[in-house]
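Please walk me through this model in the viewer, one selection at a time. Say what to select next and what is found there.

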Amino acid sequence: MECLVDLGWSGTSTTEVARRAGVSRGAQQHHYPTKMVLVAAALEHLLEAQRLAYETAFAVLPAERRNVSGALDLLWEVFRGRPAKALTELAVAARTDDELRPLCRDLNERILQVILEVFERLFPDNTLPPDFVPTMLRGVFAMFVGLSIQNALDDDVEGHQAAVLRQVKDVARLIVPEQGKPDPHPLTDDL
């Protein structure tokens, strides 16, 4: 992950990974004989680490923040973190790398599945139509990917990403009301 974030896909080598990990090249090759085997293992690790980090962070939020706004704030933090940057680096590199592409072909779908599973666990009492949630989360995912790429370039010095996040949270509160509170705006009744 560190190599992908710091050096990009083209600068990441098994030699550099072994150096940073403090292991011999032979030990690295014993466990991960090729760069693709190493990347496949890292990909699995990154996806599971992202899920656990998000669920843990949400669980320790104060009760008043355990709502859709708090969930979106945490998801934005996840998207700006180093593991997400590494996953984005792999996804972008896979566009032009024939060997990497098969590993990453379903990356977005796998990340979306994690987001959907976490959403359903965090908001089990939502009353949204079953086909609405996956589509809504796909849109949020696509938007956060774009915002995180821009954030990696400008660190939101102009406040544009923060403004988008505020408006997304305003809309999300209309769609997913807080647990135990009446729906303030039955936006989904017409879906």
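## Start at Asn-151

Select Asn-151 to begin: with a relative accessible area of 8%, this residue is buried. The model is a predicted one. Asn-151 belongs to helix α9. Show its surroundings, leaving out residues up to four places away in sequence, and the residues touched by Asn-151 are Trp-76, Arg-80, Asp-156 and Gln-161.

## Arg-80 and Glu-77

From the contacts of Asn-151, take Arg-80 and add Glu-77. The two form a salt bridge, and their closest N and O atoms are 2.3 Å apart. Both residues sit in helix α5, which spans residues 68–80, and they are three residues apart, about one turn of the helix. In an α-helix there are 3.6 residues a turn, so residues three or four places apart point the same way. Colour the pair by accessibility: Arg-80 is partly exposed at 27%, and Glu-77 is partly exposed at 43%.

## Glu-48 and Arg-51

Move to helix α4 (35–59) and select Glu-48 with Arg-51. This is another salt bridge, with the closest N and O atoms 3.5 Å apart. Both partners lie in helix α4, three residues apart, about one turn of the helix. What is the accessibility class of each partner, buried or partly exposed? Glu-48 has a relative accessible area of 37% and is partly exposed, whereas Arg-51, at 18%, counts as buried. Arg-51 falls in the buried class because the cut-off is under 20% relative accessible area.

## Arg-82 and Glu-2

Now select Arg-82 and Glu-2. Their salt bridge brings the closest N and O atoms to 2.6 Å apart. This pair links distant parts of the chain: Arg-82 is in helix α6 (residues 82–94), Glu-2 is in helix α1, and 80 residues separate them. Arg-82 is partly exposed, with a relative accessible area of 32%, and Glu-2 is partly exposed as well, at 35%.

For the count, select the whole structure: a search finds 15 salt bridges in it.

## Helix α2 and its neighbours

Select residues 14–21, which make up helix α2; its buried residues are Thr-14, Glu-16 and Ala-18. Which helices do the buried residues of α2 pack against? They pack against α1 (2–11), α3 (25–31) and α4 (35–59). Step past the end of α2 to Gly-22, which follows the helix and has a positive phi, near 75°.

## Two annotated spans

Widen the selection to residues 13–32. In the UniProt record, an unreviewed entry, this span carries the annotation "DNA-binding region". In the model, residues 13–32 are 75% helix and 0% strand, and the end C-alpha atoms lie 12 Å apart.

Then select residues 1–50, where UniProt (unreviewed entry) places the feature "domain: HTH tetR-type". Over residues 1–50 the chain is 82% helix and 0% strand, with the end C-alpha atoms 12 Å apart.

## The cysteines

Select Cys-3 and Cys-104 and display the sulfur atoms. Why is there no bond between Cys-3 and Cys-104? The cysteine sulfur closest to that of Cys-3 is in Cys-104, 16 Å away, which is too far for a bond. The same holds from the other side: for Cys-104 the closest cysteine sulfur is in Cys-3, at 16 Å. A disulfide would need the sulfur atoms within 2.5 Å. A search of the whole structure finds zero disulfides. Both residues are buried: Cys-3 at 5% relative accessibility and Cys-104 with a relative accessible area of 10%.

## Last stop: Leu-128

Finish with Leu-128, in the loop between α8 (107–122) and α9 (132–154). Is Leu-128 buried or exposed? Leu-128 counts as buried, because its relative accessibility is 9% and the class takes in values under 20%. To place Leu-128 against another part of the model, add Ala-86 and draw a line from C-alpha to C-alpha: the two residues are 33 Å apart in space and 42 residues apart in sequence.

Notes. Residues are numbered from 1 along each chain as its sequence is written. This is a predicted model: local features need pLDDT of at least 70, side-chain atom pairs count only at pLDDT 80 or more; totals for chains, interfaces and linings use all residues. Side-chain values use heavy atoms; hydrogens and water are left out. Helices (H or I, at least four residues) and strands (E, at least two) are DSSP runs, numbered from the N terminus. Buried means under 20% relative accessible area, exposed over 50%, partly exposed in between (1.4 Å probe, protein chains only). Contact means heavy atoms within 4.5 Å. UniProt positions are given in the numbering used here, feature names are shortened, and annotations may be inferred rather than shown by experiment. A salt bridge is a side-chain nitrogen of Lys or Arg within 4 Å of a carboxyl oxygen of Asp or Glu.
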